[in-house]
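Visitor: Could you give me a close look at one part of this model, the packing of helices? I would like one connected account.

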Amino acid sequence: MKLSFRWYGPEDKVTLENIRQIPGMYTIVTAVYDVPVGQVWSRESIAALKQQIEEHGMYFEVVESIPVHEDIKLGKSSREQYIENYCENIRRVAEAGVKCICYNFMPVFDWTRTELAHELPDGSTTLAYYQDQVDAVNPLESDSDLTLPGWDASYSREELRSVVAEYQAVTEDRLWENLKFFLERVIPVAQACGVNMAIHEDDPCWSIFGLPRIITDEANLDRFLKLVDVPNNGITLCTGSLGCSCRNDVVKMAKKYAAMGRIHFVHMRNVAVLPDGKGFEERAHLSSCGSLDMYGIMKALYDNGFDGYIRPDHGRMIWGETGRPGYGLYDRALGAAYLNGLWEAAVKNDQTAY
Ligand SMILES: [Mn+2]
């Protein structure tokens, strides 16, 4: 297990000085943010990230993410150029030593929450998703209140409406076809460069606003892995994204996909699933704070030979910290310490290790 931490670059309030002091920290997870989605990243920008990270005693081995342009997901003819750009980005980050690339294939909306600072009884704040608040929003209606926190601010309202409208013709089957088309071109490049591609599950793992979502559960992950059935075509196991639906047994999935050698990256976070489909709240990492068996997941990974990257995923805001929701320092650092402990326990519980 190689411990990692997401960093949003030199503008991030959480500094590399902060991150290197978290025990066991190995690699930074970051991306080039200075060009629009779909464009080629400059070698200078990639090299600058690598240099800063290495000056702070860590490695730059994981990219999260190289975003997939909507035209690729929509299957438009312009996808050819965007896929070529994507392949070039894989080559360039591989040249800089990157070994794993996280990405997702969610139409329009990346992770979706309805509250970014929901106050928990202990006074901390967290991200939450309440289904009734999502159901009250229709991105196709002009008079709809088109603001959910976390939406991509690079879209104007009109652009958002128009891209959502384009997806009305894209069924789940069509989205699968478009994903296959993308993988068949990108995975051979990743193989040639020694990079593992790691798709992130849809968050939450069900359809929202009538848009198709396909990376959602075990059956669909099985289908995904078979689209291009080679080790470099793998997954980011995001416990919170899968775990916000009770139909997903995350411990079982960790076992199964780790044993197959197809988990390259893990996002560890805990969620409290609310009853009757009301949604979920993100919680502290500790198992008893939410619905997930965090030790069970870490042990399943260890027992099945996982040797990839793990990062604490979102944290709450605690101790008065302010900043990017989910990505403060303190609670993610507590999460990292906890994950270190769980991993050590899994290792020492394995008598064959002695
Ligand atoms: Mn995640």
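Guide: Happily; what follows covers two helix pairs, one after the other. This is a predicted model, in which local features need pLDDT of at least 70 and side-chain atom pairs count only at pLDDT 80 or more, while totals for chains, interfaces and linings use all residues. Residues are numbered from 1 along each chain as its sequence is written.

Let's start with helix α4 (residues 79-95) and helix α7 (residues 172-193), whose axes come within 10 Å and cross at roughly 20°. (Helices are DSSP runs of H or I, at least four residues, numbered from the N terminus; axes are lines fitted to C-alpha atoms over the stretch in contact, with angles from 0 to 180 degrees between N-to-C directions.) That angle makes α4 roughly parallel to α7, a word for angles under 35 degrees. Their crossing is right-handed, the near helix being turned clockwise from the far one by less than a right angle. From α4, Ile 83, Tyr 86, Cys 87, Ile 90, Arg 91 and Ala 94 meet Phe 182, Arg 185, Val 186, Val 189, Ala 190 and Cys 193 of α7 (contact: backbone-placed C-beta atoms within 7 Å). These residues divide into ten nonpolar, no polar and two charged; Ala, Val, Leu, Ile, Met, Phe, Trp, Tyr, Cys and Pro count as nonpolar, Asp, Glu, Lys and Arg as charged, and the others, Gly among them, as polar.

Now for helix α11 (residues 294-303) and helix α12 (residues 330-349): their axes are 9 Å apart, at an angle of about 55°. The two are therefore oblique to each other, and their crossing is right-handed. Met 294, Tyr 295, Met 298, Lys 299 and Tyr 302 of α11 make the contact with Leu 339, Leu 342, Trp 343, Ala 346 and Val 347 of α12. Nine of these residues are nonpolar, none polar and one charged.

Methods. Angles under 35 degrees count as roughly parallel, over 145 as roughly antiparallel, 65 to 115 as roughly perpendicular and the rest as oblique. Two residues are in contact if their C-beta atoms, placed from the backbone, lie within 7 Å.
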